Amino acid sequence: KAEIKVGFVPGPYVDGFKAGIEPELKKKGYTVRYYEFSTGLEANTAVFRNDIDANIMQHTVFLNAYNARNGTDLAGIVQVPTPPMGLYSKKHSRDAAVKPGMTVAVPNDPVNLQRALWILRDLKWIEIKDNNPVDVTELDVIKNPSGIKIVPLENAQAPRALDDVDYAAVQGNFAIYSGLKLTEAIALEKMGAPYINVVAVRRGNADAEWAGDIVAAYHSVGFKQTIRAD
């Protein structure tokens, strides 16, 4: 295989790939073609249809939920450096008191909505019940002592929504893409392994030589040096 086709959504993953992974792949004779998608669903569909070979934009929980809903066979082959979801505000400082009626934008897909609700729970703004990630809705909020108003939005809209809402839970890739700094977040999620992003391929390609070379590139000294230097 001479060419590897890789898909991305907005965020830092394409920059990391171009800077640290493509040079490692070129050493082994590959060329890389890049594809950009506006949503993760489009990026996954492209992999499943063999329009592209791999995508880098999702964690394992999202990937498993996509497979379960669509009867697909995508698999993660290696984890990649992943910025955490954070709660941001342009109107309030980290020490400001939350007040009834304040609006909080959250992702409108169940898996990432759960992550946002966990952040709000850890801040003690709400209480939530346990639920399967693919079934989470705003109805899982069982107590709301802070009186906040939860506003579901498409993930990519969250950074722009900061001009209109009091707070927004923003995925790390969209935060970095829009110029938000992780150090400026009101709070960051406590990210566990299932929420670290992966390189996704069709399961039948997981053992292909080119897939193994992508894994090796992410494990390479060159990639580690590139990431640590930025």
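## A bridge between two strands

In strand 12, His-59 finds its bridge partner in Asn-197. This bridge belongs to a meeting of two strands: strand 3 (residues 54-59) and strand 12 (residues 197-202) run antiparallel and are joined by four bridges. Two strands are said to pair if DSSP finds at least two bridges between them. The strands themselves (E, at least two residues) and the helices (H or I, at least four) are DSSP runs, numbered from the N terminus.

Before going on, please note that this is a predicted model, in which local features need pLDDT of at least 70 and side-chain atom pairs count only at pLDDT 80 or more, while totals for chains, interfaces and linings use all residues. Residues are numbered from 1 along each chain as its sequence is written, and side-chain values use heavy atoms, with hydrogens and water left out.

## The sheet and its helices

Where do strands 3 and 12 sit in the order of the sheet? The sheet is open, has five strands with mixed pairing, and follows the order 2-1-3-12-4. Strand 2 (31-36) and strand 4 (74-79) are at the edges with a single partner strand each, so one side of each has no neighbour in the sheet. From one strand to the next, the twist averages 35 degrees. Angles here run from 0 to 180 degrees between N-to-C directions, and axes are lines fitted to C-alpha atoms, for helices over the stretch in contact.

Helix 1 (residues 13-27) packs on this sheet and touches strand 1 (3-8), strand 2, strand 3 and strand 12. Its direction makes about 165 degrees with that of strand 2. Helix 2 (residues 40-48) also packs on the sheet, where it touches strand 3, strand 4 and strand 12, and its direction makes about 140 degrees with that of strand 3. Contact, or touching, means heavy atoms within 4.5 Å.

## Two nonpolar cores

A nonpolar core is a set of buried Ala, Val, Leu, Ile, Met, Phe, Trp, Tyr and Cys residues joined through side-chain atoms within 4.5 Å. Buried means under 20% relative accessible area, exposed means over 50%, and partly exposed lies in between (1.4 Å probe, protein chains only). Which residues touch the most other members of the largest core? Among its 24 residues, they are Phe-17, Leu-25, Ile-56, Val-199 and Tyr-218. Strand 1, helix 1, strand 3, strand 4, strand 12 and helix 7 (209-218) each supply at least two residues of this core, and helix 7 gives the largest share, six residues.

Setting aside residues up to four places away in sequence, Phe-17 touches Val-6, Phe-8, Glu-22, Pro-23, Leu-25, Val-32, Tyr-34, Ile-56 and Tyr-218. A second, separate core has 21 residues, including Val-106, Val-136, Tyr-167 and Ala-169.

## An enclosed helix

Helix 7 is largely enclosed by the rest of the structure, because seven of its ten residues are buried. These buried residues are Trp-210, Ala-211, Asp-213, Ile-214, Val-215, Ala-217 and Tyr-218. Their cover includes strand 1, helix 1, strand 3, strand 4, strand 12 and helix 8 (221-228).

## Rings that meet

A search of the whole structure finds seven aromatic pairs. Rings of Phe, Tyr and Trp (its six-membered ring) pair if their centres lie within 6.5 Å; planes under 30 degrees apart count as stacked, over 60 as edge-to-face and the rest as tilted. Why is the pair of Phe-8 and Phe-17 edge-to-face? The planes of these two rings are at 70 degrees, with centres 5.7 Å apart, so the pair earns that name. Both Phe-8 and Phe-17 are buried, and they form one aromatic cluster with Tyr-34, Tyr-218 and Phe-223.

Trp-125 and Tyr-167 make another edge-to-face pair, 5.1 Å centre to centre with 65 degrees between the planes. This pair links distant parts of the chain, 42 residues apart: Trp-125 is in the loop between helix 4 (110-122) and strand 7 (127-128), and Tyr-167 is in strand 10 (residues 167-170). Trp-125 is buried at 8% relative accessible area, and Tyr-167 is buried at 1%.

## A loop residue to look up

Is Lys-124 buried or exposed? Lys-124 is exposed, with a relative accessible area of 70%. Lys-124 lies in the loop between helix 4 and strand 7, and has a positive phi of about 65 degrees although it is not a glycine. Most residues other than glycine have a negative phi.
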